[in-house]
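User: I'd like a close look at one part of this model, and then a walk outwards from there into whatever surrounds it. Keep it informal, please.

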Amino acid sequence: MNESVLAWHQARLQEGKFFIQRCSACAHHVYFPRAFCPHCGGDALEWTTPAGTGTVYAATTVRRKPTEGGDLNVSLIDLDEGVRLMSRIDGIAADDVHIGLRVRAKVVDGLVLFAPADGGSA
Amino acid sequence: MNTRTLRGSCAIAGVATFGCGETPGFTDLELLAHAAHAAVVDAGLQMTDIDGLCTASVSSPMWAMPVIEYLGLNPRYIDGTMLGGSSFIAHLLPAIQALEAGRCRHVLVCYGSAQRSGTFGRSASAGARRLLDPQPYEHPYEPMLPPSAYALAASRHMYEFGTTRAQMADVAVAARAWARLNPEAFVRDPLTRDDVLRSRMVSDPLSVRDCCLVTDGAGAFVLTRADRARDLPNRPVYVLGNSTAVWNRQISSMHDLTVTAAQQSGADTFAMAGFTPRDIDVVQLYDAFTINTILFLEDLGFCAKGEGGAFVSDGRIAPGGALPVNTNGGGLSCVHPGMYGIFALIEAVRQLRGEAGERQVPGALTALAHGNGGTLSSQSTAILATADAL
């Protein structure tokens with residue numbers, strides 16, 4: 001993979017596609033994307049499409065003035081593949097996001113965002 | 001070389017702070033220079049005796065050079081390692097190794113920041129850092145960094161262990177009670193648990209009173225070999241242990257938000273010192289946010305994981321409590337000019353020298369100072385002691 005993984009990943013996000021990496025040597029999934037596996041040090045990382053489902057691991061409401069966009073959820077989400085990422089949960093009031101909430105990924109304007117998964121909260 | 005052989009080999013001979021709080025008109029470098037000169041005078045030395053320098057800056061990656069130029073030094077040992085607020089505690093062990101190897105005789109460790117009053121203020125510097133030190137997997141989601149990172153850790157600690165906002169508030173209340181005994185502390189008004197709980201939310205569950213101050217200030221200390229320190233005017237404060245650990249940069253890369261790398265830096269430091277937490281008389285922790293004090297008390301072994309919230313309640317870490325923590329008022333109430341670590345170390349030295357005035361912990365012979373940097377990213381621990389505890 002002799003190219004910028006960051007640039008490749010961001011280009012796919014701009015196309016609405018969400019990829020994570022999986023190390024074919026040690027079988028760990030990896031996110032954020034990088035050139036070498038942080039678990040085994042190998043260079044056998046392959047792109048894979050995650051199921052897109054995950055669980056809120058930690059959550060905060062950033063308190064902003066309405067003129068600055070108002071209150072904003074920021075969460076850490078554990079994907080079912082075992083990687084964690086920062087994002088926000090849309091389609092639900094910031095204060096209603098809670099740890100353990102099941103969520104599903106969507107790509108909006110080059111960002112990976114989440115919404116509560118079908119069937120609601122855990 | 002086993003670090004155990006370095007236990008007590010070097011000592012802090014001089015300390016100083018300058019311009020803590022609000023000092024309009026000063027530059028970072030001017031504040032630093034005043035603290036540096038005062039620390040060298042306190043050590044009974046002259047600036048020309050200094051042949052080792054450790055320093056770091058939030059805004060200038062080449063910071064050692066202007067500091068050397070301004071102070072007129074010609075150091076044989078230079079360390080500009082930047083690990084955020086833990087830097088100046090992380091500078092100890094490499095400096096001890098340099099002193100023991102004979103590379104230099106006296107190391108000056110120094111920091112200064114006009115963060116509160118400077119024209120290039122906090123928001124400008126945060127904006128510049130986004131360009132110079134991009135975090136493309138966090139910044140687009142608009143966390144308010146650093147508070148939101150610590151808020152995420154607090155949310156997880158509350159979820160896993162039942163830690164409450166009231167317990168976190170007790171950390172701020174204890175820090176303020178100590179600050180009220182310290183003439184140098186920037187904020188000294190009374191503060192109650194209800195005041196903290198009712199204050200404006202910044203990033204849930206952290207309110208503005210759960211967050212550190214934004215002040216100006218500078219701090220410096222002089223490290224020298226123990227045999228030389230004994231000939232200097234102050235009672236030497238020996239460095240018995242020091243270790244640094246970094247496990248991640250971004251909060252989203254932290255493996256477990258309730259466990260910091262202080263577990264590693266703390267265990268290694270206690271092993272080097274040959275001490276356990278029971279042997280420590282005063283504790284200075286990098287309290288950028290109230291959750292920090294709880295996390296570090298757990299990770300350094302002063303209480304079990306998950307019990308930090310209960311541990312800090314009921315005045316246990318406040319004046320008169322069983323364990324004196326952040327006796328200067330900490331980053332929450334005393335001083336926090338961008339990076340706080342050097343001030344934790346200086347307060348530990350002042351306590352061990354018996355120079356802490358109204359807030360003096362009687363008979364303090366041992367102290368732990370702990371620095372944190374980034375968003376729970378870097379951790380550095382030091383154990384200091386007087387000759388009686390060697």
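Which residues of α11(B) are buried?

Analyst: Bear in mind that this is a predicted model. The buried residues of α11(B) are Thr290(B), Ile291(B), Asn292(B), Thr293(B), Ile294(B), Leu295(B), Phe296(B), Leu297(B), Glu298(B) and Asp299(B). That's ten of the ten residues in the helix, which runs from 290 to 299, so α11 of chain B is largely enclosed by the rest of the structure. Note that the list takes in Asn292(B), Glu298(B) and Asp299(B) alongside Ile291(B), Leu295(B) and Phe296(B). After the helix comes Gly301(B), with a positive phi near 95°.

The residue to follow from here is Leu297(B). Leaving out residues up to four places away in sequence, Leu297(B) touches Leu285(B), Phe302(B), Cys303(B), Phe311(B), Val312(B), Ile317(B), Leu323(B) and Val325(B). Zoom out and you land in the largest nonpolar core, which has 126 residues; Leu297(B) and Leu223(B) are the two that touch the most other members. Helix α14 of chain B, residues 341-352, supplies the largest share of that core, with eight residues. There's also a second, separate core of 28 residues, and Ala33(B), Ala36(B), Leu108(B) and Leu232(B) are among its members. As a general point, nonpolar side chains in soluble globular proteins tend to be buried together.

Leu232(B) also turns up beside a loop. Gly44(B) sits in the loop between α1 (28-42) and β2 (52-55) of chain B, and its contacts, neighbours within four places in sequence aside, are Leu232(B) and Pro233(B). Gly44(B) is partly exposed, at 43% relative accessible area. For a sense of scale, Gly44(B) and Gly320(B) are 34 Å apart from C-alpha to C-alpha, with their positions 276 residues apart in sequence.

Back to α14(B), since there are charges to look at as well. Glu347(B) pairs with Arg359(B) in a salt bridge, with the closest N and O atoms 2.8 Å apart. Glu347(B) lies in helix α14 of chain B and Arg359(B) in the loop between α14 and β10 (366-373), so the pair ties together parts that are twelve residues apart in sequence. Both ends are tucked away: Glu347(B) is buried at 2% relative accessible area, and Arg359(B) counts as buried at 6%. Arg353(B) and Glu355(B) make another salt bridge, with 3.1 Å between the closest N and O atoms. Here the two ends differ, because buried means under 20%: Arg353(B) is buried at 9%, while Glu355(B) comes out as partly exposed at 42%. Over all chains, the count is 22 salt bridges.

Some of the charged pairs reach across to the other chain. Asp204(B) and Arg63(A) meet in a salt bridge, at 2.6 Å from N to O. Asp204(B) lies in the loop between β5 (201-203) and β6 (206-207) of chain B, and Arg63(A) in the loop between β4 and β5 of chain A, so this pair joins two chains. Asp204(B) is buried at 17%, whereas Arg63(A) is partly exposed at 23%. The 20% cut-off is why those two values fall into separate classes. This pair also belongs to something wider: salt bridges with shared partners join Arg63(A), Asp71(A), Asp95(A) and Asp204(B) into one network.

Now the interface as a whole. Two salt bridges cross between chain A and chain B; one of them links Arg64(A) to Glu142(B), with the closest N and O atoms 3.0 Å apart. Twelve residue pairs are in polar contact between the two chains. On the chain A side, α1 (5-14), β4 (53-62), β5 (72-79), β6 (84-87) and β8 (111-116) each supply at least two residues, and β4(A) gives the most, with six. Sorted by class, that side has 17 nonpolar, five polar and five charged residues. In contact terms, 27 residues of chain A meet 26 residues of chain B. The two chains bury about 2300 Å² between them, with 59% of it on carbon and sulfur atoms.

Note on methods: Residues numbered from 1 in each chain as written. Chains lettered and ligands numbered in written order. Predicted model: local features only at pLDDT ≥ 70, side-chain atom pairs only at ≥ 80, totals over all residues. Heavy atoms only, no water. Contact = heavy atoms within 4.5 Å. Buried area = accessible area lost by both parts, 1.4 Å probe. Salt bridge = Lys/Arg side-chain N within 4 Å of Asp/Glu carboxyl O. Polar contact = N/O pair within 3.5 Å; in protein donor to acceptor, adjacent residues only side chain to side chain. Helix = DSSP H or I, 4+ residues; strand = E, 2+ residues; numbered from the N terminus. Nonpolar A, V, L, I, M, F, W, Y, C, P; charged D, E, K, R; others polar. Core = buried A, V, L, I, M, F, W, Y, C linked by side-chain atoms within 4.5 Å. Buried < 20%, exposed > 50% of the residue type's maximum accessible area, 1.4 Å probe, protein only.
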